[in-house]
Amino acid sequence: MGTLYINQEDAFIGKVDERIVVKVNNKVLRDVPLIHLDAIVILGRATVSPAAIAELLQHKIPLTFISERGEYLGTLEPELTKNIFVRDAQWKAAGETAKAIHAVRGFIRGKLKNYRTTLSQTQRNHSELKLESAIAQITNAIAKLNKADNINSMRGLEGAGSAAYFGVFNQLIRAEGFVFQPRHRPAIDPVNSLMNFGYTLLRRDVQSAINIVGFDPYLGYLHVQRYGRVGLAFDLMEEFRALVVDNTILNAINNRILTPNDFTVEPLSNVVRLSETGRKEFLTLYEKKKQSEFKHPVLGRKCTYREAFEIQARLLAKYLMGEIDQYPPLVVK
């Protein structure tokens, strides 16, 4: 099953034998064997029994809380892995070291190449679109990465490539009622609302993966250290933004799985949010995308995107510990 998303207000999550049971008003909504669970995500308010929490910790199943507004609140999970050697290598590479510069170059190259692939595939399928200039700008940014010798320069290239991608994102949308506006948090349009929600889910998944491998999630290389920011989770997210979240959003919109009626607008702030029904639909699509398979370009075998989160984290750990010469970002063609 993978991840169990609990979207119902005032749900109760309990344990019966080796199963997790979700109830609302004493009515059983879900009954899932623990062996089928990788994670549980609660959106909004819910009550979790102490027995269920203990069982989840024992089985190393993270329990994540996301607010009704789509904001990440936190995750309850087992203690940090005992592999101190990964964290030692991570901290030794901090700053403007050769390893940090190489890792950042990989994160950005993966992100921009996946952006370019998204645009190129759309251009081939819809020749009437005007995406060539954006594709060229992203290609130019990628080409300059190898010559950049410091992290700030590479951040500038990442910004230029991302600006080109989002500058034509509206052309990727082929459904009435949806218009992408410049990235904004909180969202004031449905597309940004989906992006904010989707990237929150992705952050949770990637952070869980790097915790499993043994990293300190707060020490990143591309994303500067800031109090409370899980920098490394944001670093590794970059390769997956277009592959997982943006792909899911375009699927939901262009195939009319979500419509403008699946969003609500707060009267004073004009903040746009998914309705409960809309969240349920999007979560279904997101989980389906995570479970979809592709051939991993480095391993040469099929894996799911959910597995790829941990694979990329382990490849990064191997690079930082000197077990491999380069960090290979995930690029899917």
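Student: Where does Arg256 lie in this model?
Tutor: Keep in mind that we're looking at a predicted model. Arg256 has a phi near 60°, a positive value in a residue other than glycine. As for its place, Arg256 lies in the loop between α8 (241–254) and β9 (263–265).

Student: And which loop is the place of Asp10?
Tutor: Most residues other than glycine have a negative phi. Asp10 has a positive phi of about 60° although it isn't a glycine. Its place is in the loop between β1 and β2.

Student: Which residue in β5 does Tyr5 stand opposite?
Tutor: Start with strand β1 (residues 2–6), which is mostly covered, with five of its five residues buried. β1 pairs with strand β5 (residues 37–43) in the parallel sense, over five bridges. In β5, the residue opposite Tyr5 is Val41.

Student: What is the order of the four strands in the open sheet?
Tutor: The pairing in that sheet is mixed. Its edge strands, each pairing on one side only, are β4 (27–33) and β6 (46–48). Neighbouring strands of the sheet are turned by 20° against each other on average, direction ignored. Read across, the order is β4-β3-β2-β6.

Student: What angle does the direction of α1 make with that of β2?
Tutor: Strand β2 (residues 11–16) pairs with strand β3 (residues 19–24) in the antiparallel sense over five bridges. Within that pairing, Ile13 has Val22 in β3 as its bridge partner. Helix α1 (residues 50–58) packs on the sheet and touches β2, β3 and β6. Its direction and that of β2 make an angle of about 65°.

Student: Which helix gives the most to the largest nonpolar core?
Tutor: That core has 89 residues, and Phe169, Phe215, Tyr221, Phe282 and Leu316 touch the most other members. The helix that gives the most to this core, with 11 residues, is α6 (residues 190–213).

Student: How many residues are in the other core?
Tutor: It lies apart from the largest one. Its members include Leu4, Ile40, Ala52 and Leu63. The count for this core is 17 residues.

Student: Why is the pair of Phe107 and Tyr327 classed the way it is?
Tutor: A pair of aromatic rings is described by the distance of the centres and the angle of the planes. Here the centres are 5.6 Å apart and the planes are at 65°. Planes over 60 degrees apart set the class, so the pair of Phe107 and Tyr327 is edge-to-face.

Student: How many residues apart in sequence are the parts that this pair ties together?
Tutor: Both Phe107 and Tyr327 are buried. Phe107 lies in helix α3 (residues 98–125), whereas Tyr327 is in the segment after α10 (305–320). The pair therefore ties together parts that are apart in sequence by 220 residues.

Student: Which residues do ring pairs link into a cluster?
Tutor: The model has 12 aromatic pairs. Phe169 touches Phe180, among others, not counting residues up to four places away in sequence. The cluster linked by ring pairs is Tyr115, Tyr165, Phe166, Phe169 and Phe180.

Student: Is Asp149 buried or exposed?
Tutor: Asp149 has its place in the loop between α4 (132–145) and α5 (151–167). Its side chain makes a polar contact with the side chain of Asn150 (3.1 Å), and Asp149 also touches Glu96 and Ile101. Its relative accessibility is 58%. The cut-off for this class is over 50%, so Asp149 counts as exposed.

Methods: Residues numbered from 1 in each chain as written. Predicted model: local features only at pLDDT ≥ 70, side-chain atom pairs only at ≥ 80, totals over all residues. Heavy atoms only, no water. Buried < 20%, exposed > 50% of the residue type's maximum accessible area, 1.4 Å probe, protein only. Helix = DSSP H or I, 4+ residues; strand = E, 2+ residues; numbered from the N terminus. Pairing = 2+ DSSP bridges. Contact = heavy atoms within 4.5 Å. Polar contact = N/O pair within 3.5 Å; in protein donor to acceptor, adjacent residues only side chain to side chain. Axes fitted to C-alpha atoms, helices over the stretch in contact; angles between N-to-C directions. Core = buried A, V, L, I, M, F, W, Y, C linked by side-chain atoms within 4.5 Å. Phe/Tyr/Trp six-rings, centres within 6.5 Å; stacked < 30°, edge-to-face > 60°.
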